[in-house]
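The following report walks through selected helices and individual residues of one structure. Please keep the sequence and the coordinates at hand while reading.

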Amino acid sequence: MPPRPILSAFDETAARLRACRLCRDAPVYGPPLAQEPRPILQGSATARLCIASQAPGTRAHRTGQPFTDPSGVRLRAWLGLGEAAFYDAARVAIVPMGSCFPGLDAKGGDRPPRRECAERWRDAIFSGLPDLELILVIGQYAQGWHLGRLEGGLTGTVARWREILGEPRRPRVLPLPHPSWRNNGWLKRHPWFEAELLPVLRAEVARVMGEPDDRDH
């Protein structure tokens, strides 16, 4: 028999996470997850860009692939990446705060990410990503984890993007709002996001990805 391949620390953690049923079988915060858990993440030990997101949505839960919805289309446009580059696990890690779809609330929106997931898995996941150069923290839950206390909430945090990106941390961190259509009003009220932040975001992503323009044609 051929020798079994040697797994990286990230691959080992990812395999254990994908088998995790903590939020259903032994929940710590609130009732058990209503549906069968399907942990979703992407990455490898060689990834240089990380998208620290919130939690999979209904379509991602069905397909097993993150951002397979209009939010993903918008996010890829923000980054200047086509699908092939976006889903290249050797270069791009996608690590949600909650790896499973958390279910819907009474208004039809997604529930917050399960807190058990980040507490149990997040440190181990990031310890297996030694080559990261840039983490894009999307939404208040990821921003709270990676940046600590949010001054002025999500808007105040994203508004300080120059300061945060320029801090002497490695990997560097850049805060973003969630690309959901539910944030259309926020985007209209804050035109500086598209005019000032997006050009820098695309330039940083192109630099980290190693190509001047990685969009599919």
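## The end and start of helix α4

Directly after α4, Gly80 adopts a positive phi of about 75°; this value, like every other one in the report, comes from a predicted model. At the N-terminal end of the helix, Asp69 acts as the cap, with a side-chain oxygen placed 3.1 Å from the backbone nitrogen of Ser71.

## The two faces of α4

Helix α4 spans residues 70-79, and its buried residues are Ser71, Gly72, Leu75, Arg76, Trp78 and Leu79. Because these residues cover an arc of only 155° around the axis, they lie on the same side of α4. Pro70 and Val73, by contrast, are exposed and sit on the face of α4 that is turned away from its buried side.

The cover over the buried residues of α4 is drawn from several elements, including the strands β1 (49-53) and β3 (134-138) as well as the helices α5 (83-86), α10 (184-189) and α11 (192-209).

## Packing of α4 against α11

The axes of α4 and α11 come within 7 Å of each other and cross at roughly 75°, so that α4 is roughly perpendicular to α11. On the α4 side the contact is made by Ala77, Trp78 and Leu79, which meet Phe193, Leu198, Leu201, Arg202 and Val205 of α11. Sorted by class, this contact of α4 with α11 holds seven nonpolar residues, one charged residue and no polar residues.

## Asn184 in α10

Asn184 belongs to helix α10, and because its relative accessibility is 30%, Asn184 counts as partly exposed. Its side chain forms a polar contact of 2.7 Å with the side chain of Arg74. Measured against the glycine that follows α4, the separation is given by two figures: Asn184 and Gly80 are 104 residues apart in sequence and, from C-alpha to C-alpha, 19 Å apart in space.

## Helix α7

In helix α7, which runs over residues 139-147, the buried residues are Gly139, Ala142, Gln143 and His146. They are placed on the same side of α7, because the arc they cover around the axis is only 100°. Among the elements that cover these buried residues are the strands β1, β3 and β4 (172-176), together with the helices α6 (115-127) and α8 (153-159). Just after α7, Gly148 takes a positive phi of about 85°.

## Two buried loop residues

Met97 is located in the loop between β2 (92-96) and α6, and because its relative accessibility is 8%, Met97 counts as buried. Leaving aside residues up to four places away in sequence, Met97 touches Ser53, Gln54, Pro113, Arg114, Cys117, Ala118, Arg122, Tyr141, Ala142 and Trp145. For one of these partners, Arg114, the C-alpha atom is 7.8 Å from that of Met97, while the two residues are 17 residues apart in sequence.

Ser44 lies in the loop that runs between α2 (22-25) and β1; because its relative accessibility is 15%, Ser44 also counts as buried. The side chains of Ser44 and Thr46 are joined by a polar contact of 2.9 Å. Again not counting residues up to four places away in sequence, Ser44 touches Phe10, Ala89, Ala90 and Leu129.

Methods: Residues numbered from 1 in each chain as written. Predicted model: local features only at pLDDT ≥ 70, side-chain atom pairs only at ≥ 80, totals over all residues. Heavy atoms only, no water. Buried < 20%, exposed > 50% of the residue type's maximum accessible area, 1.4 Å probe, protein only. Helix = DSSP H or I, 4+ residues; strand = E, 2+ residues; numbered from the N terminus. Arc of directions from axis to C-beta. Contact = heavy atoms within 4.5 Å. Polar contact = N/O pair within 3.5 Å; in protein donor to acceptor, adjacent residues only side chain to side chain. Axes fitted to C-alpha atoms, helices over the stretch in contact; angles between N-to-C directions. Parallel < 35°, antiparallel > 145°, perpendicular 65-115°, else oblique. Nonpolar A, V, L, I, M, F, W, Y, C, P; charged D, E, K, R; others polar.
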